Amino acid sequence: MSLRPYTYVTLSLEPERAPHVGVSFHTPGLKVRAGLLLSGPRPYLELYSHEANVHISTTGAGPVTDADLATAREIFHAAARYLADCEQLHAEQADKDATEDTTGPAT
């Protein structure tokens, strides 16, 4: 089953709890950029589409902390895993498509 590309945002508000915002991107229009903000300077990472943006930067918009370094490393490792999973599944789908092209659809 394949759905059309989409992005959605959720906001959960519960009594006596901090609000929670969720952003899910399921679109080929997703862009990612990173750099240094001149005010500070401090690093930033941004994921965005024409529907929503997610910005990540240092704790309290201040100097880089040990916790910020740990978060940056987690993002790096998660992105590497995401890339590896995408590459593997893409290759498997290409192999499956090539097999179906020569043998016909599976029944």
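1. Two strands count as paired here if DSSP finds at least two bridges between them. With that in hand, look at tyrosine 48: its bridge partner in E5 is asparagine 53. This is a predicted model, so please read everything below with that in mind.

2. The sheet. Three strands make up an open sheet, ordered E3-E4-E5, and the pairing is antiparallel. E3 (31-37) and E5 sit at the edges with a single partner strand each, so each has one side without a neighbour in the sheet. On average, neighbouring strands of this sheet are turned by 20° against each other, ignoring direction. As general background, the strands of a sheet pair through backbone hydrogen bonds, in either a parallel or an antiparallel way.

3. The two pairings. Between E3 and E4 there are seven bridges, in the antiparallel sense. On that side, glycine 35 faces tyrosine 44 of E4. E4 and E5 also run antiparallel, joined by five bridges. These two strands form a hairpin, with four residues between them.

4. Serine 49, in the hairpin loop. Where does serine 49 lie? It is in the loop between strand E4 (42-48) and strand E5 (53-57). Despite the loop position, serine 49 comes out at 8% relative accessibility, which is under the 20% cut-off and therefore buried. Its side chain has a polar contact of 2.9 Å with the side chain of glutamate 51. Setting aside residues up to four places away in sequence, serine 49 touches Thr7, Phe25, Thr27 and Gly29.

5. Glutamate 46, the one I'd look at on screen. This residue is in strand E4. Is glutamate 46 buried or exposed? It is buried, since its relative accessible area is 5% and the cut-off is 20%. Its acidic side chain has polar partners, though. A polar contact of 2.6 Å links it to the side chain of arginine 33, and another, at 3.5 Å, links it to the side chain of histidine 55. Apart from neighbours within four places in sequence, glutamate 46 is in contact with Lys31, Val32, Arg33, Asn53, Val54 and His55.

6. Serine 57, in E5. Serine 57 belongs to strand E5 and counts as partly exposed, at 32% relative accessibility. Which residues does the serine 57 side chain reach through polar contacts? One is arginine 42, side chain to side chain, at 2.7 Å. The other is proline 43, whose backbone oxygen is reached at 2.6 Å. The C-alpha atoms of serine 57 and proline 43 are separated by 5.9 Å, although these residues are 14 residues apart along the chain. Contacts of serine 57, leaving out neighbours within four places in sequence, are Arg42, Pro43 and Tyr44.

7. The largest pocket. Its volume is about 370 Å³. The lining consists of Phe25, His26, Thr27, Leu30, Val32, Leu45, Leu47, Ile75, Ala78, Ala79 and Tyr82. The elements that contribute two or more residues to this lining are strand E2 (20-26), E4 and helix H1 (66-103). Which element gives the largest share? That is H1, with four residues. There is some overlap with point 4: Phe25 and Thr27 are in the pocket lining, and serine 49 touches both of them.

8. Backbone oddities. Most residues other than glycine have a negative phi, and most peptide bonds are trans. Against that background, three places deserve a look. The peptide bond from glycine 40 to proline 41 is cis, with omega near -15°; proline 41 lies in the loop between E3 and E4. Glutamate 16 is not a glycine, yet it has a positive phi of about 60°. Its place is the loop between strand E1 (6-12) and E2, and at 85% relative accessibility it counts as exposed. Alanine 61, also not a glycine, has a positive phi of about 60° too. Alanine 61 is in the loop between E5 and H1 and is partly exposed, with a relative accessible area of 45%.

Definitions and conventions
Residues numbered from 1 in each chain as written. Predicted model: local features only at pLDDT ≥ 70, side-chain atom pairs only at ≥ 80, totals over all residues. Heavy atoms only, no water. Buried < 20%, exposed > 50% of the residue type's maximum accessible area, 1.4 Å probe, protein only. Polar contact = N/O pair within 3.5 Å; in protein donor to acceptor, adjacent residues only side chain to side chain. Contact = heavy atoms within 4.5 Å. Axes fitted to C-alpha atoms, helices over the stretch in contact; angles between N-to-C directions. 1 Å grid on protein atoms, 1.4 Å probe; cavity = no way out; pocket = protein on both sides within 12 Å on 5 of 7 lines; lining within 4 Å. Points joined across faces, edges and corners; volume = space filled by probe spheres on them.
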